[in-house]
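User: I am new to reading protein models and would like a close look at a single part. Could you take me through the nonpolar core and the pieces that surround it?

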Amino acid sequence: MGKFVIKKTNTGIKFDLKAGNGEIIATSEVYASEAACKNGVESVAKNAPVAAVEDQTVEGFATEKHPKFEVYEDKGGEYRFRLKATNGQIIAVSEGYKAKASCLNGIESVKKNAVDAEIVEE
């Protein structure tokens, strides 16, 4: 089972979603308050399971409605995803993956783990 790990940074507070094996599968922005961070956690838990996948690495890709995972290639040639909420705001992002298949597996892991992940504060 996954877990949301909330931790303070020098500039605010953020969360990481970790899979059952402890790997970080998604990260949030830095929030100004713990309450805002917890709202972000709730938003990921609510939106991730129902979000469509929009693969922006394919020519002429179909635009999906929010909430959605956007798969894209970064400047370094790695594949990444960002999860956007119903309002279009980015609520979680991934690390870079060498292979698109690994990126898509990351999305599946977020969908599966976000639903009933416990919230832990570090």
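Analyst: What follows is a walk through the core, one helix beside it, and a few individual residues.

This is a predicted model, in which local features need pLDDT of at least 70 and side-chain atom pairs count only at pLDDT 80 or more, while totals for chains, interfaces and linings use all residues. Residues are numbered from 1 along each chain as its sequence is written, and side-chain values use heavy atoms, with hydrogens and water left out.

A nonpolar core is a set of buried Ala, Val, Leu, Ile, Met, Phe, Trp, Tyr and Cys residues joined through side-chain atoms within 4.5 Å, where buried means under 20% relative accessible area, exposed over 50%, and partly exposed in between (1.4 Å probe, protein chains only). The largest such core has 28 residues, and those touching the most other members are Phe-4, Phe-15, Leu-17, Val-44, Phe-69, Leu-83 and Val-110. Elements giving two or more residues to this core include strand E1 (3-8), helix H1 (34-47), strand E5 (68-73) and helix H2 (100-114); helices (H or I, at least four residues) and strands (E, at least two) are DSSP runs, numbered from the N terminus. H2 gives the most to this core, with four residues. In soluble globular proteins, nonpolar side chains tend to be buried together.

Turning to H1, its 14 residues should span 20 Å at 1.5 Å a residue, and its end C-alpha atoms are 20 Å apart, which agrees (the expected span is 1.5 Å times one less than the number of residues). Buried in H1 are Cys-37, Gly-40, Val-41, Ser-43, Val-44 and Asn-47. Seen down the axis of H1, these buried residues fall within an arc of 160 degrees, so they line one face of the helix; the arc is that of the directions from the helix axis to the C-beta atoms. The face turned away from this buried side carries the exposed residues Ala-35, Glu-42 and Lys-46. Among the elements covering the buried residues of H1 are E1, E2, H2 and strand E8 (118-121).

Val-71 lies in strand E5 and counts as buried because its relative accessibility is 0%. Leaving out residues up to four places away in sequence, Val-71 touches, among others, Val-53, Phe-81, Cys-103 and Ile-107, where contact means heavy atoms within 4.5 Å. Ser-109, whose place is in helix H2, also counts as buried because its relative accessibility is 15%. Apart from neighbours within four places in sequence, Ser-109 is in contact with Ala-19 and Ile-25.
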